[in-house]
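Colleague: Please take a close look at a single part of this model. Short sentences are fine, but give me the cut-offs.

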Amino acid sequence: EALKTLDTFGIIESLHGQGTFVSAHAMQRIPNIEILKLLSADHDVQSHLDARLVIEPGLARLAAERRTEEDIDRIERSIDTFLDSAHSIENMFHMRVAQAAKSPVLCGYLQAVCQQLVHTPYPLLQTRLLADYHESEVREHREILDAISDQDGSAARDLMHMHLKRRFKLMSGAEE
């Protein structure tokens, strides 16, 4: 299993009939293991939310600069899906914005952070919050989409930051 993991990270490579060798790119790839360990470690909800506050506004700005009409349609559909269903797919909007940014590394970081949030009290807090916040959430998502659609990177960044700050503040009140 250890060899499989090292192979997956590109630190070693197996050559059929020759054996297993250290990859020519091993030294470049070793830091990836540290990043993955950090992302998968147990952290409190606030640490994950801090990461989202740093990453997502920048992704919204990039999405406004790089988006295609297909991206706009996907983001719009995520809002419509959120309107028609339970809160559990709220992050679909955020991931669609991240995908529109055309930055696979940042998108991957956001996805890892969101996946780790599932293992914290965050989903329960989100459930409590969204019953009252659903309408505001949709309005804020539409405002962010409008800024992205208008290719206004500054507005998209600022609106995403305000959206997340407002949401996290409300969630901290839901904890009590």
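Modeller: Start with Cys107, which is buried at a relative accessible area of 12% (buried is under 20%, exposed over 50%, partly exposed in between; 1.4 Å probe, protein chains only). This is a predicted model, where local features need pLDDT of at least 70, side-chain atom pairs need 80 or more, and totals for chains, interfaces and linings use all residues. Residues are numbered from 1 along each chain as its sequence is written, and side-chain values use heavy atoms, without hydrogens or water.

Cys114 is buried as well, at 9% relative accessibility. The structure holds zero disulfides (sulfur pairs within 2.5 Å). Cys107 is in none, and its nearest cysteine sulfur, that of Cys114, is 9.5 Å away. For Cys114 the closest cysteine sulfur is that of Cys107, too far for a bond.

Both cysteines belong to the contact between two helices. These are helix 3, residues 45–66, and helix 6, residues 104–117 (DSSP runs of H or I, at least four residues). Their axes come within 10 Å and cross at roughly 150° (lines fitted to C-alpha atoms over the stretch in contact; angles run from 0 to 180 degrees between N-to-C directions). The pair is therefore roughly antiparallel (over 145 degrees). The crossing is left-handed (near helix turned anticlockwise from the far one by less than a right angle).

Helix 3 contributes Val45, His48, Leu49, Ala51, Arg52, Ile55, Glu56, Leu59 and Leu62 to the contact (heavy atoms within 4.5 Å). From helix 6 come Leu106, Cys107, Tyr109, Leu110, Val113, Cys114, Gln116 and Leu117. By class, that makes 13 nonpolar, two polar and two charged residues. Cysteine and tyrosine count as nonpolar here.

Methods:
Angles under 35 degrees count as roughly parallel, over 145 as roughly antiparallel, 65 to 115 as roughly perpendicular and the rest as oblique.
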